[in-house]
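I opened the notebook to go through this structure one place at a time. The entries below follow the order in which I looked things up.

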Amino acid sequence: MSNSSSLSSVTLNITDGKHGDCKNETGSGFYFVSVKDLDSYGINLSCARQITKKDFLDTHKRTKLEPGDILLANSGHTIGKMLYVEDWPEVSRITFQKSVAVIKPDLKKIDGKFLYYYLLASVKSLKKAAVGSAQPNLLLNDLRNFPVSNEIPFAKQSKLASLLYSLDKKIELNNRINAELEAMAKTLYDYWFVQFDFPDANGNPYDGKMVYNPTLKREIPEGWDNGTLEDLGQIVGGSTPSTQSPENFTTEGTPWITPNDLSNYQGNKFISRGRQDVSAEGIKNASLKKYPAGTVLLSSRAPIGYMAISRNEVTTNQGFKSFIPNKGYSTEFIYYTVKNSLKAITQYASGSTFKEVSGGTLKTVKVVLPSVAMSDTFTSKVKPIFSQQDFIERENAELVTLRDWLLPMLMNGQVTVK
């Protein structure tokens, strides 16, 4: 690289996606991807729009995607969200909306993965380069002129990037393992408590009597009952200490969880703490209650439906309705029963400024109640899965911390790899 490089000097092309809309065509196999479809390890095509082949080909001329490209969100609050494109099977059938920029590294001048991590380490600077207050935008010309340091010789770039890439691949593998474990546990719950295909006393598929339940308006296994979410555990809410009193918060107090703490936490099941802890003074002033490990947290507003299980004693703000497992049902059973009820919970939400679900409303949401013995049998099956997921999430947290610690030092030459 030259002594003074810009991003355009080390790339073949930098462009953004289509300016304008495309016609939808479900099942076409051609995808029109937006920022929301990007995550750190790939593109979620399950919810991405599918468009006509004609619109795809017209748009693809502008944003032909290839392995080794770098995708960068260049509009709104997601500016700086990035993805390194790998050789996915669908890569030749993906195009983008204008909120995504496509950067094509010149591999004769810079290592592609190194450039990805360099930009990842420069997210704060990229955001500062954006213009506009209500809807900030990172203009393509400003992106092309974005400075690229020449402190790392070309010959060393691949080694540095490979170290960070290996950490990311391990995190990605862990995420895939946890997703498969989640599918196994959720499938078992659905078989047993939604389809009623659970084992009988002899271990054979249930073939006993089904009884019509007028409250649930459906047949359920004999001996099972109807109830509400309140029957699963004690439903509790939180509150917020005055932010005008700094003594209400501390760095080493009781973990205080807000829905915002879960906004970038999706894909994880367990949580230890949020961005802030509350002090003993804050707990007293806000009349906060401490909830035990194993409490199931449900965000009840802005937005509704984020869920997590507390690893340790926590408290929350008023944006949660949480379930303390103190009525005979396990954390594992409560977690899936609440998750299975999210559609009904959301339908009951009310409010003009933003939708919210009250504790009183939750107490009216109907659920099927199996015998505690049956739920305990289910718990014994899935508890090892939950434990393994918890271990993997903790390992990932350590890997992310290590990667984020190494990233800036590797990119500015403070740390080298032999």
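I count two residues as in contact when heavy atoms of theirs lie within 4.5 Å. The model is a predicted one, and I kept that in mind throughout.

Entry: aspartate 16.
I looked up aspartate 16 and found it in strand S2, residues 11-16. Is aspartate 16 buried or exposed? Its relative accessible area is 6%, and buried means under 20%, so I noted aspartate 16 as buried. I then checked its side chain for polar partners. One polar contact goes to the side chain of histidine 19, at 3.0 Å. Another goes to the side chain of arginine 62, at 2.3 Å. Setting aside residues up to four places away in sequence, I listed what aspartate 16 touches: Arg62, Thr63, Asn74, Lys98, Val100, Ala101 and Leu140.

Entry: leucine 7.
I went next to leucine 7, in the loop between strand S1 (5-6) and S2. I read a relative accessible area of 0% for leucine 7, which is buried. Which residues is leucine 7 in contact with, neighbours within four places in sequence left aside? I wrote down Ile14, Ile103, Leu115, Leu119, Leu143, Arg144, Phe146 and Val148. I also took a distance from leucine 7 to threonine 295: the two are 288 residues apart in sequence, and their C-alpha atoms are 48 Å apart in space.

Entry: helix H2.
Leu115 and Leu119, both on the contact list of leucine 7, are also among the buried residues of H2, and I looked at that helix next. In H2, residues 112-121, 7 of the 10 residues are buried, so the rest of the structure largely encloses this helix. The buried ones are Gly112, Phe114, Leu115, Tyr116, Tyr117, Tyr118 and Leu119. At the start of H2 I found a side-chain oxygen of aspartate 111 within 3.2 Å of the backbone nitrogen of lysine 113.

Entry: strand S23.
How many of the 5 residues of strand S23 are buried? I counted 5 of the 5 in residues 320-324, so S23 is largely enclosed by the rest of the structure. Phe320, Ser322 and Ile324 are on one side, Lys321 and Phe323 are on the other, and both faces are covered. I then traced the strands that pair with S23. Strand S15, residues 234-237, pairs with S23 in the antiparallel sense over 4 bridges. Strand S20, residues 296-300, is also joined to S23 by 4 bridges and runs antiparallel. Lysine 321 is the bridge partner of glycine 237, and leucine 298 stands opposite lysine 321 as well.

Entry: an open sheet.
I followed 4 strands that form an open sheet with mixed pairing, in the order S16-S19-S17-S22. S16 (249-250) and S22 (315-316) are at the edges with a single partner strand each, so one side of each has no neighbour in the sheet. S17, residues 254-257, runs parallel to S22, and 2 bridges join them. Isoleucine 257 is opposite threonine 316 in S22.

Entry: the second largest pocket.
I noted a volume of about 360 Å³ for the second largest pocket. Of its 18 lining residues, Arg218, Asn340, Lys366, Val367 and Val368 are the closest to the centre. Helix H5 (154-193), helix H8 (331-340), helix H9 (342-347) and strand S24 (366-369) each give two or more residues to the lining. I sorted the lining into 11 nonpolar, 4 polar and 3 charged residues.

How values were computed. Residues are numbered from 1 along each chain as its sequence is written. This is a predicted model: local features need pLDDT of at least 70, side-chain atom pairs count only at pLDDT 80 or more; totals for chains, interfaces and linings use all residues. Side-chain values use heavy atoms; hydrogens and water are left out. Buried means under 20% relative accessible area, exposed over 50%, partly exposed in between (1.4 Å probe, protein chains only). A polar contact is a pair of N or O atoms within 3.5 Å; within protein, one must be able to donate a hydrogen and the other to accept it, and residues adjacent in sequence count only if both atoms are side-chain atoms. Two strands pair if DSSP finds at least two bridges between them. On a 1 Å grid over the protein atoms alone, a cavity is a set of points where a 1.4 Å probe fits but cannot get out, and a pocket is an open set with protein on both sides within 12 Å along at least five of seven lines; lining residues have an atom within 4 Å of a point. Grid points are joined across faces, edges and corners, and a volume is the space filled by probe spheres set on the points. Ala, Val, Leu, Ile, Met, Phe, Trp, Tyr, Cys and Pro count as nonpolar, Asp, Glu, Lys and Arg as charged, and the others, Gly among them, as polar.
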